[in-house]
Amino acid sequence: MSLPGGVRAGTVLAALGVVFGDIGTSPLYTMREAFGHAGRLELDELHVLGVLSLVFWSLTLIVALKYVVLIMRADNKGEGGVLALAALALGSGGARGDARRILVLTLAMIGVGLFYGDAMITPAISVLSAVEGLETLDARLGDYVLPIALGILLGLFLLQRHGTAMVGRVFGPIMAVWFTVLAVLGIGQIVQNPSVLRAIDPTWAIQFLAVEGLHAFVAMGAVVLCVTGAEALYADMGHFGRQAIRVSWFGIVMPALLINYFGQGALILADPATVESPFFHLVPTWGLAPLILLATLATIVASQAVISGVFSLTSQAIRLGYLPRMVMRHTSEHEMGQIYIPRVNWLLMAGVLALVVTFGNSSGLAAAYGIAVTSAMGIDAILAGLVAVWLWRWCRLMSGLVFGVLLCLDAAYIIANSLKIPDGGWLPLIMAAVVYLMLRTWFRGRQVLATLRTADAMPIDLFIRSATASSRCHRVPGTAIVLCSDVSVVPSTLLHNLKHNHVLHEQVVLLTVKTDDVPRVPIEQGLLVRDLGDGFWSITAHFGFTDVPDIPAALRAASVAGLTVDPARASYFLGRETLVPSTRDHLGQWEERLFISMSATATDPTAYFGLPPNRVIEVGTQVEV
């Protein structure tokens with residue numbers, strides 16, 4: 001069945017199960033934190049309607065206008081996310097000059113770091129907030145909240161290696177039921193107190209801010225919880241397309257969220273005692289157990305969406321050269337985006353479980369939540385503004401007005417959340433800083449390494465003439481595939497092999513892999529094959545940042561250019577570089593140590609590039625960085 005815009009109903013249902021899990025579970029804790037420990041607001045009409053007005057306009061301006069309408073226009077061949085947005089800015093032609101490129105790259109790396117900081121907190125606070133509903137059912141069950149939450153999260157991470165293909169089929173229906181329940185529960189309270197709908201008027205938010213003054217920023221630090229997960233709408237655009245996400249948001253998700261928030265507001269006005277857990281008080285006692293179960297399932301969906309997002313972003317960062325190679329397993333034969341990265345999974349699991357044990361409850365985690373999300377949103381606004389000028393050809397005044405206003409709104413929430421830094425907000429910032437330093441160090445280290453490799457290297461044309469003219473160099477049957485970073489100079493692996501064995505294969509192929517700033521590159525279109533003469537060839541294989549670099553497939557595709565290679569019978573020469581610190585000032589002392597440590601953890605290129613293990617020859621070299 002097709003919906004408006006030609007979107008299939010099945011696609012919309014699937015989008016509900018992946019894209020909206022995080023933002024869809026925000027009603028569990030947003031109003032509670034705004035009026036509870038975090039906000040400590042009075043429970044009168046001005047404050048309740050003021051908070052509801054802030055929620056309404058935050059969802060409208062930040063999520064609906066900024067992300068769904070504007071930023072989702074900036075798709076990189078269908079893909080979204082901060083790295084895709086940065087790639088658009090870099091490839092637009094407007095990022096000429098080192099200063100502009102450095103600005104975009106720095107913003108992208110900070111954005112990735114902030115996403116990781118947010119990704120640790122989201123599963124912890126989501127699952128905890130759902131399981132805490134047991135305390136509403138029976139206060140004596142409070143002692144079981146922590147063990148149950150830990151068990152759910154542990155099981156979720158342990159199941160990652162099996163993939164999410166089977167579980168994913170039930171995610172959509174679960175979230176469809178969840179959003180339906182949100183709307184029904186909210187309507188039940190709004191009918192009893194329809195006056196809460198006056199909060200749509202922005203003057204209530206203005207009055208609230210005027211009365212509360214600086215204390216309003218404390219409350220805004222809790223209100224911002226209603227938009228957490230907004231960046232996922234853009235990041236997951238490549239899975240479902242912008243139209244399906246827009247239909248889902250405006251047709252199902254946004255109405256259900258607003259109805260539920262207004263319903264909670266009506267309940268708080270009618271019975272202030274329910275403020276300690278307004279969401280679970282929306283149902284009578286007999287409905288608590290089913291609601292807690294549904295909420296727990298919804299938070300598992302939200303957690304899975306974040307974990308999958310971490311895997312996807314890590315994969316992109318590796319392809320683009322921001323992180324060392326890692327083992328990546330594809331868990332679906334049909335969906336290339338479903339991957340599992342063991343190292344990231346276990347590190348994320350350790351971080352999430354540690355947070356649950358350390359903070360103990362969702363209110364404690366709420367203090368740490370928000371600063372990373374709002375900062376990431378601010379970076380998205382800046383990059384989108386640059387894309388609007390450089391790629392969409394907006395005039396600077398128009399871009400400044402539109403994205404400048406949205407950035408001011410982000411800045412207000414960033415300031416509000418900065419007040420929570422002493423109470424736990426420092427945690428995602430430290431996490432983001434560590435990730436940023438790792439990304440920056442690896443990126444700079446690779447640049448230094450590439451410079452050192454080519455600094456004293458012999459041009460390949462000169463090498464071919466001298467090698468073929470030498471009587472000491474013997475040609476042996478077969479094909480040698482030499483992986484290198486630059487096909488214009490002689491790889492050290494080839495020189496070492498010739499130096500020690502005094503032989504060259506009849507056919508020598510220099511092959512380098514390049515990752516482009518686009519999600520996918522058809523393998524036939526991504527090959528640049530050159531016949532260098534005397535049996536020497538060069539191949540530059542371009543892949544997208546979501547592609548799997550398959551060297552044997554690239555060699556087979558090179559046959560259209562006249563190169564005949566049997567990937568199963570060729571010999572593959574790889575360089576095994578041992579990095580050691582140097583006295584030169586290429587990198588700082590701590591950067592050298594970090595880069596060398598990260599390099600030591602890089603996955604074997606044989607598996608990464610899909611090479612036949614019994615045909616690989618590794619040649620060791622030592623490089624001073």
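Here are three short exercises on the predicted model above, each with a worked solution.

Local features need pLDDT of at least 70 and side-chain atom pairs count only at pLDDT 80 or more, while totals for chains, interfaces and linings use all residues. Residues are numbered from 1 along each chain as its sequence is written, and side-chain values use heavy atoms, with hydrogens and water left out.

**Exercise 1.** Find which helix gives the most to the nonpolar surface patch.

Solution. Start with the members: L61, L65, V69 and F250 make a patch of about 290 Å². Next, look at helix α4 (residues 45-70), which gives the most, with 3 residues. L61 is found in this helix, α4. Finally, check L61: its relative accessible area is 31%, so L61 is partly exposed (buried is under 20%, exposed over 50%, partly exposed in between, with a 1.4 Å probe and protein chains only).

**Exercise 2.** Work out how α6 and α16 are oriented to each other.

Solution. First take the geometry: helix α6 (residues 98-131) and helix α16 (residues 342-359) pack at about 50°, with axes 9 Å apart. Then classify the angle: α6 and α16 are therefore oblique (under 35 degrees is roughly parallel, over 145 roughly antiparallel, 65 to 115 roughly perpendicular, the rest oblique).

**Exercise 3.** Locate R393 and D534 in their loops, and decide whether each is buried or exposed.

Solution. R393 lies between α18 (371-390) and α19 (396-418), and its phi is near 65°. At 63% relative accessibility, R393 is exposed. D534 sits between β7 (527-533) and β8 (536-543), with phi near 55°. Its 52% relative accessibility makes D534 exposed. For background, most residues other than glycine have a negative phi.

Key: Patches are made of residues with over 30% relative accessible area and no salt bridge: like charges are joined within 9 Å, nonpolar side chains (Val, Leu, Ile, Met, Phe, Trp, Tyr) within 5 Å. Accessible areas come from the Shrake-Rupley method with a 1.4 Å probe; for residues, only the protein chains shown count as cover. A salt bridge is a side-chain nitrogen of Lys or Arg within 4 Å of a carboxyl oxygen of Asp or Glu. Helices (H or I, at least four residues) and strands (E, at least two) are DSSP runs, numbered from the N terminus. Axes are lines fitted to C-alpha atoms, for helices over the stretch in contact, and angles run from 0 to 180 degrees between N-to-C directions.
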